[in-house]
Amino acid sequence: QVQLVESGGGLAQAGGSLRLSCAASGRTFSSYAMAWFRQSPGKEREFVAAISWSGERTPYADSVKGRFTISRDNAKNTVYLQMNSLRPEDTAVYYCAGRYTRDRYYRSFYETDYPYWGQGTQATVSS
């Protein structure tokens, strides 16, 4: 099992940046595919970005493509989400999620494919 703890949320102005981190416990983090999802008030949770455990596959939601970057440091058991050119519509609680896999290229857009979740971190973008 792995436990996930997000940090780095906060308040940013439109056009600004935030960097989210997700720290994982456990010794097998390097075998976990990871993802970021977000949920805005009154909306369903949605996929933002994912990364295979090898780091070679990084799909993004169309709404964040070109503005957000997902990355991981397996030596630090941490996955990151660099968010640039922020917009008010990026305001949400951001969750990281993980799934153990032997497939170095595995990644998924679907929250039901990830059994492990963090508690979320709030990111607010003002106009």
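**Exercise 1. Leu11**

Task: In this predicted model, find the strand that holds Leu11, decide whether Leu11 is buried or exposed, and list the residues it is in contact with beyond its neighbours within four places in sequence.

Solution:
- Start with the strand: Leu11 belongs to β2, which covers residues 10–13.
- Next, take the relative accessible area, which is 65% for Leu11. Exposed means over 50%, so Leu11 is exposed.
- Now collect the contacts. With neighbours within four places in sequence set aside, Leu11 is in contact with Leu18, Thr124 and Ser126.
- Finally, look at Thr124 again: its C-alpha atom is separated from that of Leu11 by 4.8 Å, although the two residues are 113 residues apart along the chain.

**Exercise 2. Strand β7 and its partners**

Task: Work out which strands pair with β7, and why β7 is described as largely enclosed.

Solution:
- One partner is β3, which pairs with β7 in the antiparallel sense over six bridges. Within this pairing, Leu18 has Met83 as its bridge partner.
- Another partner is β6, also antiparallel to β7 and with six bridges. Here Val79 of β7 stands opposite Arg72.
- Look at the connection as well: β6 and β7 make a hairpin with four residues between them, and Asn77 in the turn has a positive phi of about 55°.
- Then count burial. Five of the six residues of β7 are buried, so the strand is largely enclosed by the rest of the structure.

**Exercise 3. The largest nonpolar core**

Task: State how many residues the largest nonpolar core has and which of them have the most contacts inside it, then follow Met83 outwards.

Solution:
- The core has 34 residues, and Trp36, Leu81, Met83 and Tyr94 are those with the most contacts inside it.
- Several strands supply at least two core residues each, among them β3 (18–24), β4 (32–39), β7 (78–83) and β8 (92–100).
- For Met83, leave out the neighbours within four places in sequence; the contacts are then Gly16, Ser17, Leu18, Leu20, Arg67, Phe68, Tyr94 and Ala123. Leu18, you will recall, is also the bridge partner of Met83.

**Exercise 4. Aromatic pairs**

Task: Classify the ring pairs Tyr32 with Tyr100 and Phe37 with Tyr114, and say how far apart the members of each pair are in sequence.

Solution:
- A handy reminder: a pair of aromatic rings is described by the distance of the centres and the angle of the planes.
- The structure holds eight aromatic pairs. For Tyr32 and Tyr100, the centres are 5.7 Å apart and the planes stand at 70°, so this pair is edge-to-face.
- Tyr32 lies in β4 and Tyr100 in β8, 68 residues apart, and their pair links distant parts of the chain.
- Check burial: Tyr32, at 3% relative accessibility, counts as buried, whereas Tyr100, at 41%, counts as partly exposed.
- For Phe37 and Tyr114, the centres are 5.8 Å apart and the planes are at 70°, so this pair is edge-to-face.
- Phe37 is in β4 and Tyr114 in the loop between β8 and β9 (116–117), so their pair ties together parts 77 residues apart in sequence.
- Phe37 is buried at a relative accessible area of 1%, and Tyr114 is buried at 3%.
- Both belong to a cluster linked by ring pairs, together with Phe47, Tyr95, Phe109, Tyr110 and Trp117.

**Exercise 5. Charges over rings**

Task: Which rings have the charged ends of Arg19 and Arg45 sitting over them?

Solution:
- For Arg19, the ring is that of Tyr80, with the charged end 4.0 Å from the ring centre.
- For Arg45, the ring is that of Trp117, again with 4.0 Å to the centre. Trp117 appeared above in the cluster of ring pairs.

Note on methods. Residues numbered from 1 in each chain as written. Predicted model: local features only at pLDDT ≥ 70, side-chain atom pairs only at ≥ 80, totals over all residues. Heavy atoms only, no water. Core = buried A, V, L, I, M, F, W, Y, C linked by side-chain atoms within 4.5 Å. Buried < 20%, exposed > 50% of the residue type's maximum accessible area, 1.4 Å probe, protein only. Contact = heavy atoms within 4.5 Å. Phe/Tyr/Trp six-rings, centres within 6.5 Å; stacked < 30°, edge-to-face > 60°. Lys NZ or Arg CZ within 6 Å of the ring centre and 35° of its normal. Pairing = 2+ DSSP bridges.
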